[in-house]
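Hi everyone, thanks for making time for this one. Let me put the structure up on the screen, and then I'll walk you through it.

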Amino acid sequence: MPFALAFALLAAQPVTPDPQEVPAAQGDFSGVDWEKEFGVEKKVADPVTGEFPVEPYQQGPANAGAGPFTGESMARAFGGQDGIHRIVDRLVVLSESDPRISAIFKSRDLVRLRRTLFEQFCFILNAGCIYSGREMQAAHKDLGITRADLNALVENLQQAMREGQVPFAAQNRFLAKLAPMDRQVVER
Ligand code: HEM
């Protein structure tokens, strides 16, 4: 049988291993840089801010998804910029540890999220900030957020506002401003 003979001869040949191929051939992949192998660009956090780069986008107040309240009463009800910072940080902590939605926040840039979410809330509450983040649809693209996820986040925001002693009427006015953004955030 010529095929079997050829195979036997081939098997008998001494093989000089290509040193570059040895680890993979032996199943040791520990030294393999998979991102390089697959051409995945490594993202590096900014050494000063700790934020990761995002795709370029046009900045502007319209990206915030809602215009600001007039007057100072809402900013005051939220405790000014310090109060808004506390509420945003609490919202992020509650959400990233909430078993209903924590998976959505895994491997996301929570440093950037805290900054831009603060800017957005501060801008809408007319507490003296410019929103520099992305528009809502772009920021939530492909996160696969459901209405149930949105409800969970709103509950966490209500808890954060309650803990921040924001009066109930002001909480509801703020939630009413955010409500129309649901169509940009919910994908399924
Ligand atoms: C009306 C409701 C919401 C508002 C106003 C809002 C606001 C924001 C803002 C300002 C950003 C940052 C934009 C930027 O990076 O430029 C962001 C990103 C993000 N949001 Fe929301 N959000 C809402 C709903 C939700 C919900 C329901 C979830 C999940 C349960 C969610 C999860 C996230 C995540 C994971 C990011 C980071 C995305 C990334 O790293 O690329 N958001 N959101």
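I'll start with the whole chain, go on to one helix, and finish with the ligand and a histidine.

Please keep in mind that this is a predicted model. The chain has 11 helices and zero strands, so to speak an α at every step as you read the elements from the N terminus on. Of its 188 residues, 19% count as buried. Now for the contacts: if you take those with a separation of 6 or more, 76% of them are between residues 24 or more positions apart.

Now let's zoom in on H9, which covers residues 147-163. How far apart are its end C-alpha atoms? They are 24 Å apart, and that agrees with the span you should get from 17 residues at 1.5 Å a residue. The buried residues of this helix are Asp149, Leu153, Asn156, Leu157, Ala160 and Met161. Looking down the axis of H9, you find these buried residues within an arc of 140°, so they line one face of the helix. As a reminder, an α-helix has 3.6 residues a turn, so residues three or four places apart point the same way. And what covers the buried residues of H9? The cover includes helix H5 (80-96), H6 and helix H10 (168-178). Over on the other side of H9, Arg147, Ala148 and Arg162 are exposed. Just after the helix, glutamine 165 takes a positive phi of about 55°.

On to the ligand, which I suspect is what many of you came for. There are 22 residues around the ligand, and Arg108, Gly133, Arg134, Ala139 and Leu153 come nearest. You'll remember Leu153 as one of the buried residues of H9. Which helix gives the largest share of the shell? That is H7, with five residues. Helix H6 (102-105), helix H7 (110-124) and H9 each supply at least two residues of the shell. By character, the shell divides into 13 nonpolar, four polar and five charged residues.

Last stop, His140. An unreviewed UniProt entry places the feature "binding site" at this residue. His140 is in the loop between helix H8 (136-139) and H9. Is the histidine buried, exposed or partly exposed? It counts as partly exposed, because it has 18 C-beta neighbours inside 10 Å, and a buried residue would need 20 or more. Leaving out residues up to four places away in sequence, His140 touches Ile145, Gln184 and Val185.

That's my tour, and I'm happy to take questions.

Note on methods: Residues are numbered from 1 along each chain as its sequence is written. This is a predicted model: local features need pLDDT of at least 70, side-chain atom pairs count only at pLDDT 80 or more; totals for chains, interfaces and linings use all residues. UniProt positions are given in the numbering used here, feature names are shortened, and annotations may be inferred rather than shown by experiment. Helices (H or I, at least four residues) and strands (E, at least two) are DSSP runs, numbered from the N terminus. A residue is buried if 20 or more other C-beta atoms lie within 10 Å of its own, exposed if 12 or fewer, and partly exposed in between; C-beta atoms are placed from the backbone. Two residues are in contact if their C-beta atoms, placed from the backbone, lie within 7 Å. A residue is near a molecule or strand if its C-beta atom, placed from the backbone, lies within 6 Å of it. Ala, Val, Leu, Ile, Met, Phe, Trp, Tyr, Cys and Pro count as nonpolar, Asp, Glu, Lys and Arg as charged, and the others, Gly among them, as polar. The expected span of a helix is 1.5 Å times one less than its number of residues. The arc is that of the directions from the helix axis to the C-beta atoms.
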